Each structure stands twice: as structure tokens, then as C-alpha cells.
Amino acid sequence: MATIVTELDSLQLVTVSQPLDTKRVGRPSTVVRPSQRHIAVAVYPDTDAIAIGVVALGGEVLREFRFDVESAPTAVHTVNTLQALLRGLELSDGGTVLGIGIGVPGLVDARDGVVRVAPHLDWHDEPLVDMVATATGLPTWAANDATCAVVAEGRFGQGVDEDNLVYLNGGAGGIGGGAIVGGQLLSGVNGYSGELGHMLVNSDGVHCHCGAVGCLETEVNRHDLLRVVGLADAEAGLLEQRLRDTYGTDPAVTAAVDRQLDFLGVGLRNIVNIFNPGTIVLGGFLAAVRNVTQERLQETVERSALAGPSSEVRIVSSSLDDNVLIGAGELVFRTILRDPASVSTSVSSAGSESDSEARRVAAS
Ligand SMILES: [Zn+2]
């Protein structure tokens, strides 16, 4: 451990100092803080905006930029937006971008960084990691957005110290998921695992864009909740407030919320029985609808899941606003944490398109 800290310190990735409190018995522990000199740039293209964050080691989003779009951005639009931002990005003295991490609302092939399909962006077989690495000259990683989010929740959010964690996010485009099992991020053969939004919860349900019927994301969806409270679009916080204000008094709202929580409960029952998680974190509109009446969801899961795995599961709402950006940043930093020496070349060469190391391409 001390060796790793020394390496990180020598690379100026952390600052090391002595504690101020010297009255405690025993040898005082060294204080290690993440440096803000070397950062990751995180990118999250979604249907309504391209979000780009400057993320420090330790999960702090130092700056965030949001580029609203009228229609879903193309991969080329996303790369050009990132490139333009990097040109104008002013970092503190000696600051360096270590790499680019991208959260994609779709299937990202972990072997070659190609986005096989992002249905709501209408992306098909986009070689995104290669495109970004070539355009920026920086090492680049990409993963599914909910995969990024579960990484962030596990390191900095509701899943800290939790070795068995499942994250479910409800967004405008549907429901995404990710899982950490036995302390390891669940990836699958291609990196496609965690498509929990497409588990069957209603055999008599409506058709899903994936080709199946009655998927979790068709039965539990943001659009129906917005419609019942008369909103065209809204952040999760406003949606939750409107649902809270009318749940129990407006029969249509009450029925819609109860129906969605019951189908979400079916989904969570499957998750509990399959993964035996210690914690399930809900984000986006799923957190909003859960917060309207937490007891109903909890009772559904306790009543329907097997007694063993449901006895200790904790169902909570996400507390990280930017978990996709934070997790995308982690795609970059985890390389450093695994092997600090590997980054020295990147630090010295980042920004140089001619250097082969800076053009290294990896996917996660
Ligand atoms: Zn589906």
C-alpha cells in the first residue's frame, strides 16, 4: 500500500501530508488526498444532451458542461463536441488530461470499444473508442452508462463497502442496470451483461423495442408517470414532487404509481433471487417513484422474493447526481490504481497525437 501511495505521489496523482491531530495514541496515519492536477474527461451522450465532466481521482466532478441537443446526437457530433471542448479547456497549472471515459446508453463491446447498438441514439456499430482516441490522441475507454453508474455507486455512493451491489437506472430512454458480484464488476463475454431493463415482468405486457413483450422498461416507464401528472418533461426531482403531491388523492396518479411499483417489485424480486445482493440502488425516475411510497416496493419484494436472499437486502435511492460521469471517469482512473507506473507514459505524452501510447485504445 505504501509503495502504491509513493508511486501515486511521485506521479502527482495524490498529495501526501501528515495529520494535524498529533494527540492520538500511536503513530499518526499519513493523509492521502487525490490531486486535481491530473484529471479524466468523462462524456455522456444521451437523447437530450451531451454531458461532459472534468473528473478528479476520488470521484469529484470539478466542472460539468451540458450541451443540449434538439435530436439525439450522432457519434460524430459527440466526438466533435468533445474535441471542441478539449481545445478550450483550461486546466490548472501543470494539469493534464489522463484519458477519456465514455458512458453510452447502449451495448458497448468490451473487446473493441464499438457501440453495437444504442437504440435511443440510433447508433449501430459505431467504433466510438477508436474515433475518440484518434480525434483526441488520448487513451479512451467506454462502457454502458449504467455500468459506469454502478462503478460510481460502488466506490463513492450507496454501495461503498458493498461487494454485492445492483444498480438500476430509470431514464428517458428506458431502464439500464449494472451489477457488482463478489466485489467484481459483472461484464459477461462481450461486456453486455446487466440489461436488466429487458427482463420479463409481464407476459401480457406491451411490445418492447428489443423485440420482446412485457420487459421491465415497457411496464415501468417515465413517460406514463409524466403524463399522469400533466408534465411534458421534467427532472426526477420535479416528477417526484408532483407524484408526492397527488398520490393518494388523485386516483389516476395513485393507480399509475402503484402499478409501476408493483412491476418494479417483480423486477426486484428476480434481481434479489438471482444475485442475492446486499444493496439495490435505484436512480433516475425509479428513485422518484420509489420515494413516493417506499413501503409498497419494500413489501412487494419481501412478500414475493425468496425469504433467504430478501432477508438482508437494502433497497435505496441513489445519492450521486452525476454517477454516470463519475463512473466514466473511473474507467480512466482504475488503470492507474491497478498499475500506477503505467500512467507515467500517458502523463508525459497525453495530447500528442503522434505518440503511440497516447493513442492506445481500450474498452471496458
Ligand atoms: Zn425489451
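What spacing do the donors of the zinc ion follow along the chain? In this predicted model, the donors follow the spacing H-x9-C-x1-C-x4-C, and the legends below begin with an overview before turning to that site and to other close-up views.

**Figure 1. Overview of the protein chain, with its 13 helices and 15 strands.** The chain in this predicted model has 364 residues, and buried residues make up 50% of them. Among the contacts in the protein chain with a separation of 6 or more, 63% are accounted for by residues that stand 24 or more positions apart.

**Figure 2. The zinc ion and its four donor atoms.** The ion is coordinated by ND1 of His 198 and by the SG atoms of Cys 208, Cys 210 and Cys 215, at 2.0 to 2.3 Å. The angles among the four donor atoms run from 104 to 119 degrees, and the site is tetrahedral. For comparison, the ideal angle for four tetrahedral donors is 109.5 degrees. His 198 and Cys 208 are ten residues apart, and both are placed in the loop between strand S13 (184–185) and helix H5 (216–219). Cys 208 counts as buried because its relative accessibility is 8%, which is under the 20% limit. His 198, at 24% relative accessibility, counts as partly exposed, and Cys 210, at 42%, is likewise partly exposed. The count of disulfides, taken as pairs of cysteine sulfur atoms within 2.5 Å, comes to zero.

**Figure 3. Surroundings of Val 115 in strand S8 (residues 115–118).** Val 115 has a relative accessible area of 0% and is therefore buried. Leaving out residues up to four places away in sequence, the residues that Val 115 touches include Val 104, Leu 107 and Val 108, and also Trp 123, His 124, Asp 125, Glu 126 and Leu 128. The C-alpha atom of Val 115 is separated by 8.7 Å from that of Ala 142, a residue 27 positions away along the chain.

**Figure 4. The second largest pocket, with a volume of about 600 Å³.** This pocket is lined by 25 residues, of which Val 151, Gly 183, Leu 185, Arg 334 and Arg 338 are the closest to its centre. At least two residues of the lining are supplied by each of strand S10 (140–144), helix H4 (145–156), S13 and helix H12 (323–338).

**Figure 5. Ala 152 in helix H4 and its contacts.** Ala 152 counts as buried, at 0% relative accessibility. When neighbours within four places in sequence are left aside, Ala 152 is in contact with Gly 157, Leu 320, Asn 323, Ile 326 and Gly 327. Of these contacts, Asn 323 is 171 residues from Ala 152 in sequence, yet the two C-alpha atoms are 5.4 Å apart in space.

**Figure 6. Two aspartates with positive phi, Asp 122 and Asp 161.** Most residues other than glycine have a negative phi. Asp 122, in the loop between S8 and strand S9 (123–126), has a positive phi near 60 degrees. With a relative accessibility of 56%, Asp 122 counts as exposed. Asp 161, which lies in the loop between H4 and strand S11 (165–171), has a positive phi of about 70 degrees. Asp 161 also counts as exposed, at 77% relative accessibility.

Notes
Residues numbered from 1 in each chain as written. Predicted model: local features only at pLDDT ≥ 70, side-chain atom pairs only at ≥ 80, totals over all residues. Heavy atoms only, no water. Donors = N, O, S within 2.8 Å, 3.2 Å for Na, K, Ca; no water. Tetrahedral: all angles 85-135°; square planar, octahedral: opposite > 155°, others 65-115°. Helix = DSSP H or I, 4+ residues; strand = E, 2+ residues; numbered from the N terminus. Buried < 20%, exposed > 50% of the residue type's maximum accessible area, 1.4 Å probe, protein only. Contact = heavy atoms within 4.5 Å. 1 Å grid on protein atoms, 1.4 Å probe; cavity = no way out; pocket = protein on both sides within 12 Å on 5 of 7 lines; lining within 4 Å. Points joined across faces, edges and corners; volume = space filled by probe spheres on them.
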